[in-house]
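Trainee: Could you walk me through reading a model like the one on my screen? I'd like to go feature by feature.

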Amino acid sequence: MVFIIDSLTLGSCELQCKVCMQTFICTTSEVKCREHAEAKHPKADVYACFPHLKK
Ligand SMILES: [Zn+2]
């Protein structure tokens, strides 16, 4: 049961870069997401990597 709870918690607490599919914990700040996008995908829009940042 503990494992099931843990997997659910992790599953709902995860961010994923939509370009390279790298995952980040949900507490990753917007700044860190932007840094990832700029470092790894300079040609891609940050919102292409992390659509959740778009308000
Ligand atoms: Zn990426």
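Trainee: Let's begin with burial. What percentage of the 55 residues of the protein chain count as buried?

Mentor: Happy to help! Of the 55 residues, 7% count as buried. Keep in mind that you are looking at a predicted model.

Trainee: Then how should I read the confidence, and where is it lowest and highest?

Mentor: Start with the chain as a whole, then go element by element. The average pLDDT of the protein chain is 85, and 78% of the residues score at least 70. Confidence is lowest in helix H1, residues 2–11, with a mean of 53. The highest value belongs to helix H2, residues 30–40, at 97.

Trainee: How many helices and strands does the protein chain have, and in what order do they run?

Mentor: There are three helices and two strands. Reading from the N terminus, the order is α-β-β-α-α.

Trainee: Which residues does UniProt list for a domain?

Mentor: An unreviewed UniProt entry lists residues 16–53 as "domain: At2g23090-like zinc-binding". Over that stretch the chain is 39% helix and 11% strand. The C-alpha atoms at its two ends are 12 Å apart.

Trainee: What share of the contacts comes from residues far along the sequence, 24 or more positions apart?

Mentor: Take the contacts with a separation of 6 or more: residues 24 or more positions apart account for 25% of them. Leu15 gives you a case to look at. Leu15 lies in strand E1, and its C-alpha atom is 8.0 Å from that of Phe50, 35 residues away along the chain.

Trainee: Which residues does Leu15 touch, beyond those up to four places away in sequence?

Mentor: Its partners are Thr23, Phe24, Cys26, Thr28, Cys33 and Phe50.

Trainee: And why does Leu15 count as partly exposed?

Mentor: The idea is to count C-beta atoms around the residue. Leu15 has 19 others within 10 Å, so it is partly exposed; the cut-off for buried is 20 or more.

Trainee: Is Ile25, over in the other strand, exposed or buried?

Mentor: Ile25 is found in strand E2, and it counts as exposed because it has 9 C-beta neighbours inside 10 Å. Leaving aside neighbours within four places in sequence, Ile25 is in contact with Cys13 and Glu14. Glu14 is 11 residues away in sequence, yet the C-alpha to C-alpha distance is 4.7 Å.

Trainee: Now the backbone angles. What is the phi of Met21?

Mentor: Here is the general idea: most residues other than glycine have a negative phi. Met21 has a positive value, near 70°. Its place is in the loop between strands E1 and E2, and with 7 C-beta neighbours inside 10 Å it counts as exposed.

Trainee: One last residue, please. Where is the place of Thr27?

Mentor: Look in the loop between strand E2 (23–25) and H2. Thr27 counts as exposed because it has 8 C-beta neighbours inside 10 Å. Its C-alpha atom is separated by 7.9 Å from that of Cys13, 14 residues apart along the chain.

Conventions. Residues are numbered from 1 along each chain as its sequence is written. This is a predicted model: local features need pLDDT of at least 70, side-chain atom pairs count only at pLDDT 80 or more; totals for chains, interfaces and linings use all residues. pLDDT is the predictor's confidence in each residue, from 0 to 100. Helices (H or I, at least four residues) and strands (E, at least two) are DSSP runs, numbered from the N terminus. UniProt positions are given in the numbering used here, feature names are shortened, and annotations may be inferred rather than shown by experiment. A residue is buried if 20 or more other C-beta atoms lie within 10 Å of its own, exposed if 12 or fewer, and partly exposed in between; C-beta atoms are placed from the backbone. Two residues are in contact if their C-beta atoms, placed from the backbone, lie within 7 Å.
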